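Let's work through some exercises on strands, helices and salt bridges together. Keep the structure open beside you as you go.

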Amino acid sequence: MSLYCAAGSVETDLTLDQMRALLLESLARLGDRNRVLVVPPDQSRVHSRSGDLTRYAWEYYGDRLQAVLPALGTHTAMKPEQIARMFGAMPQDLFRVHNWRTDVETLGEVPREYIHEQSEGKLNYAWPAQVNRLIAHGGFDLILSIGQVVPHEVIGMANYNKNILVGTGGRESINRSHYLGAVYGMERIMGRAENPVRNVLNWASDRFLRNVPIVYVLTVVGRAADDRLALRGLFIGDDVECLHRAAALSLKVNFEILDAPIRKALVYLDPLEFHSTWLGNKAVYRTRMALADDAELIILAPGVNKFGEDPAIDALIRKYGYRGTPATLEAVNANADLAADLSAAAHLIHGSSEGRFTIRWCPGHLSQREVEGVGFEYGDLTSMLARYNPQKLRHGNNCVNGEEIFFVPNPGLGLWASRGRFVQ
């Protein structure tokens with residue numbers, strides 16, 4: 001078990017050349033590898049620097065890097081233009097598409113007794129450790145799992161073995177892990193490297209991935225004083241210390257404690273990254289602990305045209321809506337279709353304000369009827385953009401025509417909470 005690189009601090013601002021040198025130095029320490037698979041995130045993590053790191057690994061290994069498998073989870077497959085934007089001049093025929101419903105192998109099961117314990121007695125199912133068949137049977141002598149550590153609503157702190165066991169996981173592993181996080185409580189998980197969902201993944205990793213040659217390449221990306229994104233850390237290793245080092249830095253870099261709750265928050269979703277509420281509800285997850293009771297959250301989403309990334313999940317969201325935890329749990333118990341897609345149920349819980357604050361979606365390509373049909377308030381995007389121009393706002397507190405608003409230009413890069421609502 002080794003930690004090959006641990007570089008970074010809250011003030012660090014690594015250049016691409018420095019990042020490349022640290023990566024190549026670490027790869028050299030691994031010795032000869034002749035059949036390499038890279039597992040990066042998709043375009044929803046375009047700011048993670050994973051595209052550059054994947055390209056540098058390809059340049060280093062040449063034709064020994066034989067495949068790239070974006071960790072899609074339930075997301076839509078990347079389009080050629082998205083691959084080009086994120087990964088640059090890499091051969092597109094290297095890229096494989098993960099299908100979470102058909103492309104998986106079950107390596108073993110975490111017993112139901114352990115899930116029962118971790119869920120505080122709320123759940124009674126086993127958890128299957130599932131991965132893409134390329135990982136299980138591809139014959140690779142190195143799997144580089146690349147991604148960003150940042151606060152996350154399902155796993156506490158994103159990445160590490162989640163990239164493999166959920167990002168390339170199957171229907172049941174994704175459904176059941178997401179539902180575990182939802183019933184345990186999102187606000188008890190976000191920003192915490194150790195939690196029930198991570199404990200389950202670690203249990204599975206220790207037993208089912210111990211002979212798989214995975215090396216984790218983890219970044220921490222923060223916002224500089226001039227609103228530019230800065231690479232604060234790079235951590236490369238093959239065990240949980242790599243995650244713990246990155247998570248400790250991420251908590252300092254990506255987590256913002258506010259002295260007072262926010263009365264009105266405005267979140268902008270880049271249309272190149274966000275096309276669904278499934279992804280765009282990060283605007284809800286990451287700000288909820290900072291929002292006052294009866295606050296208003298306005299989500300400007302010019303690229304959003306659907307609810308779910310997956311057509312079946314999109315249909316479930318439209319059918320059941322974001323109605324809060326009690327209504328969703330009741331729907332799971334009463335309806336076989338929702339009970340069969342627990343990740344959708346978990347998402348419906350995560351995306352609800354539980355009646356505590358208003359969520360006003362302003363999508364570019366969904367109608368008022370569609371938005372209100374799933375339980376959100378609707379806002380007209382054109383008029384909202386005229387009133388709140390994201391190009392003229394800075395991250396944090398702004399005054400717009402005498403109105404105080406808190407602006408978040410990309411919710412995927414952080415976590416916000418008012419003082420007293422986050423207890424480690």
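**Exercise 1: the first sheet to trace**

Six strands make up an open sheet with mixed pairing, ordered E15-E14-E13-E12-E17-E16. Before going on, a note on the basis: this is a predicted model, in which local features need pLDDT of at least 70 and side-chain atom pairs count only at pLDDT 80 or more, while totals for chains, interfaces and linings use all residues. Residues are numbered from 1 along each chain as its sequence is written, and side-chain values use heavy atoms, with hydrogens and water left out.

Task: find which strands are the edge strands, then look at how E12 and E13 pair.

Solution. Start with the terms: strands (E, at least two residues) and helices (H or I, at least four) are DSSP runs numbered from the N terminus, and two strands pair if DSSP finds at least two bridges between them. Next, look for strands that pair on one side only: these are strand E15 (377-378) and strand E16 (396-400). Finally, move to E12 and E13, which pair in the parallel sense over six bridges. Leu266 stands opposite Ile298 in E13.

**Exercise 2: another sheet and its helices**

Task: trace the open sheet E1-E10-E9-E6-E2-E3 and place helices H2 and H10 on it.

Solution. Six strands form this sheet, and the pairing is mixed. Strand E1 (3-8) and strand E3 (65-68) each have a single partner strand, so one side of each is left without a neighbour in the sheet. From one strand to the next the twist averages 20°. (Axes are lines fitted to C-alpha atoms, for helices over the stretch in contact; angles run from 0 to 180 degrees between N-to-C directions.) Now take E1 and strand E10 (residues 229-237): they run antiparallel, joined by five bridges. Cys5 stands opposite Ile236 in E10.

For the helices, contact means heavy atoms within 4.5 Å. Helix H10 (residues 240-254) lies across E1, E9 and E10 and runs at about 10° to E9. Helix H2 (residues 50-61) lies across strand E2 (36-39), E3, strand E6 (142-148), strand E9 (214-223) and E10, at about 155° to E6.

**Exercise 3: salt bridges**

Task: explain why the pair Glu153 and Arg286 ties together distant parts of the sequence, then compare the settings of two other pairs.

Solution. Side chains of opposite charge can pair when their charged atoms come close. The rule here is a side-chain nitrogen of Lys or Arg within 4 Å of a carboxyl oxygen of Asp or Glu, and by it the count comes to 23 salt bridges.

- Glu153 and Arg286 form one at 3.0 Å, N to O. Glu153 lies in the loop between strand E7 (151-152) and strand E8 (156-157) and Arg286 in the loop between helix H12 (282-285) and strand E13 (291-301), so the pair joins parts 133 residues apart in sequence. Glu153, at 5% relative accessibility, is buried, and Arg286 is buried at 1%. (Buried means under 20% relative accessible area, exposed over 50%, partly exposed in between, with a 1.4 Å probe and protein chains only.)
- Asp259 and Arg419 meet at 2.9 Å, N to O, and link parts of the chain 160 residues apart. Asp259 and Arg419 are both exposed.
- Arg387 and Glu403 meet at 3.5 Å, N to O. Arg387 belongs to helix H18 (residues 381-387) and Glu403 to strand E17 (residues 403-408). Salt bridges with shared partners join Lys264, Glu296, Arg360, Arg387 and Glu403 into one network.
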